[in-house]
Amino acid sequence: MLEHSFSCPYCWQNVSMLLDSSISNQNYIEDCEVCCNPIQVSLKFNNTQLIDFQANSIEQ
Ligand SMILES: [Zn+2]
């Protein structure tokens, strides 16, 4: 597992998440620990190296 910090797209607070580095392509929704809004997370690992990370607000 890898801890990754980023800015929440809603409240812009710095939040951190634990990422599972054993799965190369991931797409999921996780609630912000500060404002509880749903963040769309897209990330990519290459041999446990995080090569892409995006955290977006959910499109209405
Ligand atoms: Zn937030």
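Strands, in the sense used on this tour, are DSSP runs of at least two residues, numbered from the N terminus. The model you have open is a predicted one, and each stop below names a residue to select and then says what is found there.

Begin by selecting Asn47, which lies in the loop between β4 and β5, the latter strand covering residues 49–57. Asn47 is exposed, because its relative accessibility is 69% and exposed means over 50%. Look next at its backbone, where phi is positive, at about 55°, although Asn47 is not a glycine. This deserves a pause, because most residues other than glycine have a negative phi.

Now move to Cys36, which sits in the loop between β3 and β4, where β4 covers residues 38–46. Cys36, too, has a positive phi without being a glycine, and here the value is about 70°. With a relative accessibility of 55%, Cys36 counts as exposed.

From there, select Asp31, a residue of strand β3, which covers residues 25–31. Asp31 has a relative accessible area of 48% and is therefore described as partly exposed. If you add Glu3, Glu30 and Glu33 to your selection, you will have, together with Asp31, the residues that form a negative surface patch.

The next stop is Leu19, which belongs to strand β2, covering residues 14–19. Is Leu19 buried or exposed? Leu19 has a relative accessible area of 0%, so this residue is buried, given that buried means under 20%. Once its neighbours within four places in sequence are set aside, the residues in contact with Leu19 are Met1, Leu2, His4, Tyr28, Leu43, Phe45, Leu50 and Phe53, and you may wish to show their side chains one after another. Select Ser5 as well, and draw a distance from its C-alpha to that of Leu19: the two residues are 14 residues apart in sequence and 10 Å apart in space.

Finish at Ser21, which is placed in the loop between β2 and β3. Although Ser21 lies in a loop, its relative accessible area is 18%, and so Ser21 is buried. Which residues is Ser21 in contact with, leaving aside its neighbours within four places in sequence? They are Met1, Phe45 and Thr48. As you display them, remember that Met1 and Phe45 also appeared among the contacts of Leu19, so that selecting Leu19 and Ser21 together with Met1 and Phe45 brings the last two stops into one view.

Notes
Residues are numbered from 1 along each chain as its sequence is written. This is a predicted model: local features need pLDDT of at least 70, side-chain atom pairs count only at pLDDT 80 or more; totals for chains, interfaces and linings use all residues. Side-chain values use heavy atoms; hydrogens and water are left out. Patches are made of residues with over 30% relative accessible area and no salt bridge: like charges are joined within 9 Å, nonpolar side chains (Val, Leu, Ile, Met, Phe, Trp, Tyr) within 5 Å. Accessible areas come from the Shrake-Rupley method with a 1.4 Å probe; for residues, only the protein chains shown count as cover. A salt bridge is a side-chain nitrogen of Lys or Arg within 4 Å of a carboxyl oxygen of Asp or Glu. Lys and Arg count as positive and Asp and Glu as negative; His and the chain ends are not counted. The place of a charge is taken as NZ of Lys, CZ of Arg, CG of Asp or CD of Glu. Helices (H or I, at least four residues) and strands (E, at least two) are DSSP runs, numbered from the N terminus. Buried means under 20% relative accessible area, exposed over 50%, partly exposed in between (1.4 Å probe, protein chains only). Contact means heavy atoms within 4.5 Å.
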